[in-house]
Amino acid sequence: MLNENIQSIRKSKGLSQEELAIKLNVVRQTVSKWERGLSVPDSEMLINISEILETPVSVLLGEPNTEIGVPVDDLKVISEKLEVINLQLARSKAAKRKVLHWLFITLCALIVIIAAVLISQNSPYLSWDFNDPETAVVGTFFHAFEWFFFRLAPVALIGTIVGIVLTRQRK
């Protein structure tokens, strides 16, 4: 919610990410991360954003501006809301990492299973009659698949193992 609000209000004020970043003394990538929901500004920075965008912090945080003139930009309230947003962001990142971790494990298992099947079959197409055009075409495709698989499988297997290690849950 915060990320969408920052982006929409920034655009409605006619500011680019670069212009907002310059006014906040940060790099453009920082503004981009806020707007994509990859990080959140701290409470002081949020106050600076609200001043530059001429918008109450409560509106940036997604609360409707019901009472005009009532100061809701209390630093403690802002900090608590940012803490909730940070917690949601951390949970989202953990869930994505877990999905990616299991994807790497599945891919690794799939590579091992395909290799085991190909090794156990011992290239059965070598004994086929290649005078028959259909058999020749299928045998050629099978041979090409096997050839590419055994050239790419070691690299893919190492990559998936590295992915498994990098995405494991840290305690």
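In this predicted model, T55, once its neighbours within four places in sequence are left aside, is in contact with I9, K13, S50 and L60. The residue belongs to the loop between α4 and α5, the latter spanning 57-60. Because its relative accessibility is 10%, and buried means under 20%, T55 counts as buried. A polar atom of the T55 side chain also lies 2.9 Å from the backbone oxygen of L53.

A second residue with a comparable set of descriptors is R168, which is found in the segment after α7 (133-166). With a relative accessible area of 43%, R168 is partly exposed, and, leaving aside its neighbours within four places in sequence, it is in contact with R97 and H101. The backbone oxygen of V165 lies 2.5 Å from a polar atom of the R168 side chain. Along the chain R168 and N131 are 37 residues apart, and their C-alpha atoms are separated by 52 Å.

The side-chain approaches to backbone oxygens described for these two residues are set out below.

| Side chain (polar atom) | Backbone oxygen | Distance |
|---|---|---|
| T55 | L53 | 2.9 Å |
| R168 | V165 | 2.5 Å |

Two helix pairs complete the picture. Helix α2, residues 17-24, and helix α4, residues 43-52, have axes that come within 10 Å and cross at roughly 120°, an angle that makes α2 oblique to α4. The crossing in which α2 passes α4 is right-handed. On the α2 side the contact is made by L20, K23 and L24, and on the α4 side by M45, N48, I49 and I52. By residue class, the contact of α2 with α4 divides into five nonpolar residues, one polar and one charged.

For helix α1, residues 2-12, and helix α3, residues 28-36, the axes come within 6 Å and cross at roughly 120°, which means that α1 is oblique to α3. Here N3, I6, Q7 and R10 of α1 meet W34, E35 and R36 of α3. The residues of this contact of α1 with α3 divide into two nonpolar, two polar and three charged.

Seen together with the loop residue, these helices provide some context: T55 follows α4, lying in the loop between that helix and α5, and the contacts of T55 include I9 and K13, while α1 covers residues 2-12.

Note on methods
Residues numbered from 1 in each chain as written. Predicted model: local features only at pLDDT ≥ 70, side-chain atom pairs only at ≥ 80, totals over all residues. Heavy atoms only, no water. Axes fitted to C-alpha atoms, helices over the stretch in contact; angles between N-to-C directions. Helix = DSSP H or I, 4+ residues; strand = E, 2+ residues; numbered from the N terminus. Parallel < 35°, antiparallel > 145°, perpendicular 65-115°, else oblique. Left-handed = near helix turned anticlockwise from the far one by under 90°. Contact = heavy atoms within 4.5 Å. Nonpolar A, V, L, I, M, F, W, Y, C, P; charged D, E, K, R; others polar. Buried < 20%, exposed > 50% of the residue type's maximum accessible area, 1.4 Å probe, protein only. Polar contact = N/O pair within 3.5 Å; in protein donor to acceptor, adjacent residues only side chain to side chain.
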